[in-house]
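Work through the exercises below with the sequence and the model open. Try each task before reading its solution.

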Amino acid sequence: MSVESKLPTGDDLLAEIDRLRKEKNAIILAHYYQKPEIQDLADYVGDSLQLSQKAAETDADVIAFCGVKFMADTAKILSPEKIVVLPDMDAGCSLEDSCPPDKFKAFREAHPDHIALTYINCSTEVKALSDVIVTSSSAETILQQIPKDQKIIFGPDRHLGGYLSRKFDREMLLWPGVCIVHEAFSETELLKLKEEHPGAPIAAHPECPPTIVDHADYVGSTSGILKFAQEFEGDTLIVATEPHIIHQMEKALPEKNFIGAPGADGNCNCNICPYMALNTMEKLYTCLRDLEPRIEIEEDLRLQAKKSLDKMLEMASGTVGKGDLGPAN
């Protein structure tokens, strides 16, 4: 009999996860892009940095991070004394993959008069090479504190960097990375959907390309989009980000209608993050049972990466994980 066939199923699986959570003094963190069943059993659901900060505040010995690897790495950077496990170590990120540390290092060395503002969706090694880490909720506040004459490298997301550059009229050298999920949205299909629902606002994540963001009534982080969903007038909202966030909207606001922005094929299937989808209930169970696969970071590297995260917290402590980039212009 295979190992997989011995795994508990159904209600037994839920019960075993709950037992292990208590036995190991663990907390389960789930990003908004996780499957609904994982969101529903998590201790905390939120943005990547929100979750890492929450984990650091608890007295848990184990953090089971249902997200992607850079998020689990960030939790380990901020909570080195805790065991951090990721259900599937192959749960990566196209933005992280687009920015190899050796190439980013060479890019920085070629522009020594630039500082590096780096989106949190990057590897620990790239964080260690950066001056300030930003999130989609803190980037605006941080950028406004940097003198106009200071030259800036922004990576790895060229769409987020481009959005900030246009909004604040700040020239920046943009690393050419994109999120494969947000890149998949179709302007043509979005406009068709808008015609079908006249008056429905569009909320978009700034990782979307300009062809999507330019049609948005609101641009912001996942937590910012959730806040907008609670506050907008009307009963229908078009959502241009990974569609699993709609689960939280429907739970909080069952009287409203939330529609995922379509991909090029006219539906949302191509906009589901394939990396987030690698995490499953069964893998969560085994990682809690075995405390593997485990995140390990060499201490000198961790401390170097933590400097750029600490700088972000210093510059934008009031906005991290809470805010947004404001109304689309």
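**Exercise 1: The open sheet**

Four strands form an open sheet in the order β10-β9-β11-β12, with parallel pairing. The model is a predicted one, in which local features need pLDDT of at least 70, side-chain atom pairs count only at pLDDT 80 or more, and totals for chains, interfaces and linings use all residues. Residues are numbered from 1 along each chain as its sequence is written, and side-chain values use heavy atoms, with hydrogens and water left out.

Task: Find which strands stand at the edges of this sheet, and describe how β9 pairs with β11.

Solution.
- Step 1. Recall the terms: strands are DSSP runs of E with at least two residues, helices are runs of H or I with at least four residues, and both are numbered from the N terminus. Two strands pair if DSSP finds at least two bridges between them.
- Step 2. Look at the ends of the order: β10 (218-219) and β12 are the edge strands. Each has a single partner strand, so one side of each has no neighbour in the sheet.
- Step 3. Turn to β9 (residues 202-204), which pairs with β11 in the parallel sense over 3 bridges.
- Step 4. Locate one facing pair: Ala204 is opposite Ala240 in β11.

**Exercise 2: The recorded binding site**

Task: Three cysteines are listed by UniProt for "binding site". Work out where they lie relative to each other, and whether Cys93 and Cys273 are buried or exposed.

Solution.
- Step 1. Read the record: the unreviewed UniProt entry gives Cys93, Cys179 and Cys273. UniProt positions are given in the numbering used here, feature names are shortened, and annotations may be inferred rather than shown by experiment.
- Step 2. Compare sequence with space: the three are spread over 181 residues of sequence, yet they cluster in space, with a largest C-alpha distance of 9.3 Å.
- Step 3. Check the largest cavity: its lining takes in Cys93, Cys179 and Cys273. On a 1 Å grid over the protein atoms alone, a cavity is a set of points where a 1.4 Å probe fits but cannot get out, and lining residues have an atom within 4 Å of a point.
- Step 4. Take Cys93, in the loop between β4 (83-85) and α5 (94-97). Cys93 is buried because its relative accessible area is 10%; buried means under 20%, exposed over 50%, and partly exposed in between (1.4 Å probe, protein chains only). Leaving aside neighbours within four places in sequence, Cys93 is in contact (heavy atoms within 4.5 Å) with Phe70, Asn121 and Tyr275.
- Step 5. Take Cys273, in the loop between β12 (257-260) and α15 (281-290). Cys273 has a relative accessible area of 10% and is therefore buried. With neighbours within four places in sequence left aside, Cys273 is in contact with Val181 and Glu242.

**Exercise 3: Salt bridges within helices**

Task: For Asp18 and Lys22, then for Asp73 and Lys69, then for Lys227 and Glu231, give the salt-bridge distance.

Solution.
- Step 1. Apply the rule: a salt bridge is a side-chain nitrogen of Lys or Arg within 4 Å of a carboxyl oxygen of Asp or Glu. By this rule the count is 21.
- Step 2. For Asp18 and Lys22 the N to O distance is 3.2 Å. Both residues are in helix α1 (residues 10-23), 4 residues apart, about one turn of the helix. Asp18 is partly exposed at 27% relative accessibility, and Lys22 is exposed at 64%. Asp18 and Lys22 also belong to a network of salt bridges with Arg21 and Asp43.
- Step 3. For Asp73 and Lys69 the N to O distance is 2.9 Å. Helix α4 (residues 69-78) holds both, 4 residues apart, about one turn of the helix. Asp73 is buried at 4% relative accessibility, whereas Lys69 is partly exposed at 26%.
- Step 4. For Lys227 and Glu231 the N to O distance is 3.0 Å. They are separated by about one helical turn because they are 4 residues apart in helix α13 (residues 222-231). Lys227 is partly exposed, at 40%, and Glu231 is exposed, at 52%.

**Exercise 4: Confidence**

Task: What is the mean pLDDT of the protein?

Solution.
- Step 1. pLDDT is the predictor's confidence in each residue, from 0 to 100. The mean is 91, and 93% of the residues reach 70 or more.
- Step 2. Over residues 320-329 the pLDDT is below 50, and this stretch has 48 contacts in the model beyond near neighbours in sequence.

Definitions and conventions:
1 Å grid on protein atoms, 1.4 Å probe; cavity = no way out; pocket = protein on both sides within 12 Å on 5 of 7 lines; lining within 4 Å.
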